[in-house]
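Dear colleague,

I am passing on the structure below, together with some notes on its internal cavities. Please read the notes with the coordinates open beside you.

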Amino acid sequence: MPTFSYIAKNKDGQDVRSSLDAATRLDALEALRKKGLTVVDLFSVEPKPAAGAAKKTAAPKPAPAADKTKKSFSFSSKVKMTDLAVYCRQLAISVNAGVPLRDAIEGIGMELEHPVLKRVSKDMVDRLHEGKSFSEVVAMHPKVFNEMFVGLVKVAEESGKLPSTLQQLAAYLEKADRLQRRIKAMAAYPVFIGIFFIVVCLIMTLFILPQFTDIFSGFGSDLPVFTRLVFSVNQFFVDNFLMLVIGTAIVVSGLVFYGKTPTGSYRKDQLKLSMPYAGSCLKKYILARFCRSMAIMVQSGVPISNALEICAQATGNQLLKRNVLGAREMIMTGNRIAASLEKSGIFPGLIVRMVGVGEDSGQLPEVLNNVSELYEDQVEVSIMTSMALFEPMVIIVFGAFILILILAIYMPIFSVSMSVK
């Protein structure tokens, strides 16, 4: 019977390091849960082979084949969350109905209209036919299936719970997609107003005001100071419009390239979270996704250390990623999970307190799910409030701009009318 070494925490937060014999990884996890332990890390202990056996085993070297698998060409590219959620739900339904995995993927792939998922499904069927495991197959398409997806599938294969894990993944993707669509729907109208405002400003600046400038230049009288100021600023933009566009494009391109570097990516994510109002909303959104990912991974039997490492990548923010990995190191050295998150300095008190409650009660996945739902509700309320305020602000700015242009145009007319009288 295989032997598993583990690092876990009891209800008092004390570090427990030992080993146990179990038939499978799932049996080991269930045995530890029955003891009231929260598993931090769990790994199998390979028995040391005899010297003769070691020589015989060392003779064949299948390394090139493994390297070939890792370097396998991937058809994958960007896939929308909506398409991936539907794909995963169809796969979960088929597998739960008793359809073999390869047949389910092949059948779904034949009916798909999404070109990328269709190609990925065909490649997955071919790889499964070659004898590769499902986790190895999905790992070959990292742009479609992220690290969390691959990690959960790998654990599900070991525990024999692939159907239920696919259902959990489908539910997770559907909730994430629902939140994203709500955010986009709430932001659509204000964004349209903002774009319309910019277009009108460009038309007025580049085409309308220059016409009035030519008309007023034939009046033969001095224009009001306000009119001259507005027309001078407008003329500057008209004369240097091409240079301003090129300069802006260069600056934006430079910032984009800098943002792709490790230092620039960290600074960019740090700046995002430090913005006055939007930063707080973005942080809640990222924390909601982090808690949801952690909940589903811990519930599926992934040890805390592996779950934190994978969820750090799922945050999509380098600042949070660095703090999560720092918390993971503290947990591995014997600290409580809640205390480690608190010491990182990035997690709010609510998450720290709730994680502490989950540790003590042994209901960490349920607590993390509740925290995720709370933050998702707060994000929706914050976005609704900001979008409701953004619309009148755009109207006020647009009205002020139009008022300035009307005053600049009509003041010379009034002056000429007064001089004629």
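Which helices each supply at least two residues of the lining of the second largest cavity? In this model, which is predicted, they are helix 13, helix 14 (304-314), helix 16 (337-344) and helix 18 (364-420). The full lining of that cavity is made up of Phe-290, Met-294, Ile-304, Leu-308, Ile-337, Leu-341, Val-355, Leu-364 and Leu-368, and by residue class it divides into nine nonpolar, no polar and no charged. The space within this second largest cavity comes to about 70 Å³.

To set this in context, the structure holds four cavities of 30 Å³ or more, and the largest of them encloses about 120 Å³ of space. Its lining consists of Met-81, Tyr-172, Lys-175, Ala-176, Leu-179, Gln-180, Tyr-285, Ala-288, Arg-289, Arg-292 and Glu-376, with helix 9 (162-217) and helix 13 (278-299) being the elements that give two or more residues to it. Helix 9 gives the most, with five residues.

As for the character of the lining of the largest cavity, its residues divide into six nonpolar, one polar and four charged, whereas the lining of the second largest cavity has nine nonpolar residues, no polar ones and no charged ones. Helix 13 is worth following when you look at both sites, since it is named among the elements giving two or more residues to the lining of the largest cavity and also among the helices that each supply at least two residues to the lining of the second largest.

With best regards

Key: Residues numbered from 1 in each chain as written. Predicted model: local features only at pLDDT ≥ 70, side-chain atom pairs only at ≥ 80, totals over all residues. Heavy atoms only, no water. 1 Å grid on protein atoms, 1.4 Å probe; cavity = no way out; pocket = protein on both sides within 12 Å on 5 of 7 lines; lining within 4 Å. Points joined across faces, edges and corners; volume = space filled by probe spheres on them. Helix = DSSP H or I, 4+ residues; strand = E, 2+ residues; numbered from the N terminus. Nonpolar A, V, L, I, M, F, W, Y, C, P; charged D, E, K, R; others polar.
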